Amino acid sequence: MAHLDFGPAGLPPSALPSILDSLMELQDRVALITGSGRGIGRAIAQLFAKEGAAVFLTARTEKELSAAAGEISSGGGRAAYAAADLTMEAECAHVVATCREKFGKVDILVNNAGHYGPVVPVEDYPLAEFDKVIAIHLRAAFLLSKLVLPEMYAKKSGVILNISSLSAKTAYAWGSAYAAAKAGMLGLTRVMAAEGARQGVRVNAICPGPVTETQMSKELGAVLAKRMGVSAEEQLAGFLNGLLQGRAQTADEIARAALFLCSEQSSAMTGQSINVDGGVAFY
Ligand SMILES: NC(=O)c1ccc[n+]([C@@H]2O[C@H](COP(=O)([O-])OP(=O)(O)OC[C@H]3O[C@@H](n4cnc5c(N)ncnc54)[C@H](OP(=O)(O)O)[C@@H]3O)[C@@H](O)[C@H]2O)c1
């Protein structure tokens, strides 16, 4: 009579869960992912949870966090969240403390939260808006890293991933604070990599190109089209034509690069910024 023999050694089916666990890239890790209620952060949280991590989500909009965490939990993953405005120092501290309360530690920090800010030239850019954009991208990444690094150094292990942007490496008009913040994140990445390298901590960055499915990207596209006096479709087509692949990137494609940089697959990489942009920047 035919029977199913599991694996070359004829292992019993009961061995399947532990074998699958050992194949997961982030088994037993705790990942704190900012800006994870939607868009790229949500895709990263979903993928990390599938790969065995307990994921801690944070952003300002509780409804989106609850939906994202619920989806992960109902798929068998471990997720918790705290709503916070990460431009506020005390709220950054609250997020890290709540993650530790829920899951006991922070092994991985992904600094992803952000918004584009005004789409205007420097001479028209309101200072208060400039400060807000710097605060969510660069200052929050600094504050959260400051909060998790002592724990990572103590256990001689940890990963920080900063979601920067193609805007850090190219020259697009009308987004001075955004480009400056994203370029600042690359400097912060390299300094933290230098400080953490002999203490078991790796720090890298991703520079995504246009991930057109997200709220930030759609809003930016609409404003740019208006400023340029073209339709949103024409603006997008013109922009995508400047990429070697001639297409947008997906949030899932950014998440897969994030998984690589946050797992042991990239164990010899630190201080790097990886372009996931369909071929635009080459350094
Ligand atoms: N989409 C692209 O084309 C692209 C390209 C390059 C880089 N990026 C970067 O990728 C990251 C994610 O962007 P996305 O495209 O996924 O945009 P998104 O869908 O608009 O997501 C942005 C996330 O950041 C959160 N956030 C914004 N301000 C916050 C604040 N003050 N405190 C806490 N959370 C805050 C948002 O939630 P709340 O509004 O609820 O707070 C949301 O969860 C950003 O850093 C962005 O600069 C995006």
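Helices, the kind of element counted in the exercises below, are DSSP runs of H or I with at least four residues, numbered from the N terminus. The model you are working with is predicted. Grab a viewer and let's go through it together.

**Exercise 1. Which element gives the largest share of the shell around the ligand, and which domains does the shell draw on?**

Solution.
- Step 1: Start with the elements that give two or more residues to the shell, namely α2 (39-50), α5, α6 and α7 (215-228).
- Step 2: Pick out the largest share, which is the 3 residues from α7.
- Step 3: Turn to the domains. At least three residues of the shell come from domain 1 (26-209 + 252-275), and at least three come from domain 2 (212-248).
- Step 4: Sort the shell by class, which gives 15 polar, 12 nonpolar and 4 charged residues.

**Exercise 2. Which residues come nearest to the ligand, and which polar atoms lie by its oxygen atoms?**

Solution.
- Step 1: The ligand has 31 residues around it, and the nearest of them are Arg60, Thr61, Asn112, Tyr178 and Thr214.
- Step 2: Recall that a polar contact is a pair of N or O atoms within 3.5 Å.
- Step 3: Check Thr61, where an N or O atom of the side chain is 2.4 Å from an oxygen atom of the ligand.
- Step 4: Check Arg38, which places a polar side-chain atom 3.2 Å from a ligand oxygen.
- Step 5: Check Gly114, where a polar backbone atom is 3.3 Å from an oxygen atom of the ligand.
- Step 6: Finish with the cover. On its own the ligand has 870 Å² of accessible area, and the protein covers 96% of this.

**Exercise 3. Where is Asn204, is this residue buried or exposed, and what lies by its side chain?**

Solution.
- Step 1: Locate Asn204 in strand β6, residues 201-208.
- Step 2: Read its relative accessible area, which is 0%. Since buried means under 20%, Asn204 is buried.
- Step 3: Look for a partner. A polar atom of the Asn204 side chain lies 3.0 Å from the backbone oxygen of Met269.

**Exercise 4. How far apart are Ala67 and Arg38 in sequence and in space?**

Solution.
- Step 1: Find Ala67 in helix α3, residues 62-74.
- Step 2: Note that Ala67 is partly exposed, at a relative accessible area of 40%.
- Step 3: Compare the two separations: 29 residues in sequence, and 9.3 Å from C-alpha to C-alpha.
- Step 4: Link back to Exercise 2, where Arg38 had a polar side-chain atom 3.2 Å from an oxygen atom of the ligand.

**Exercise 5. What are the phi values of Lys156 and Trp174, and where do these residues lie?**

Solution.
- Step 1: For Lys156, phi is near 55 degrees, a positive value in a residue other than glycine.
- Step 2: Lys156 sits in the loop that runs between α5 (127-155) and β5 (158-163).
- Step 3: For Trp174, phi is near 75 degrees, again positive in a residue that is not glycine.
- Step 4: The loop between β5 and α6 (176-196) holds Trp174.
- Step 5: Trp174 is partly exposed, with a relative accessible area of 27%.

**Exercise 6. Why can the protein be called as compact as a globular protein of its length?**

Solution.
- Step 1: Count the secondary structure: 9 helices and 7 strands.
- Step 2: The radius of gyration is 20 Å, close to the 19 Å from the globule rule for 283 residues, so the protein is as compact as a globular protein of that length.
- Step 3: Add the extents of the C-alpha trace, about 75 × 45 × 35 Å along the principal axes.
- Step 4: Close with burial, where 46% of the 283 residues are buried.

How values were computed: Residues are numbered from 1 along each chain as its sequence is written. This is a predicted model: local features need pLDDT of at least 70, side-chain atom pairs count only at pLDDT 80 or more; totals for chains, interfaces and linings use all residues. Side-chain values use heavy atoms; hydrogens and water are left out. Buried means under 20% relative accessible area, exposed over 50%, partly exposed in between (1.4 Å probe, protein chains only). A residue is near a molecule or strand if one of its heavy atoms lies within 4 Å of it. A polar contact is a pair of N or O atoms within 3.5 Å; within protein, one must be able to donate a hydrogen and the other to accept it, and residues adjacent in sequence count only if both atoms are side-chain atoms. Accessible areas come from the Shrake-Rupley method with a 1.4 Å probe; for residues, only the protein chains shown count as cover. Ala, Val, Leu, Ile, Met, Phe, Trp, Tyr, Cys and Pro count as nonpolar, Asp, Glu, Lys and Arg as charged, and the others, Gly among them, as polar. Domain bounds come from an automatic or database domain assignment. The radius of gyration is taken over C-alpha atoms; the globule rule is 2.2 Å times the number of residues to the power 0.38.
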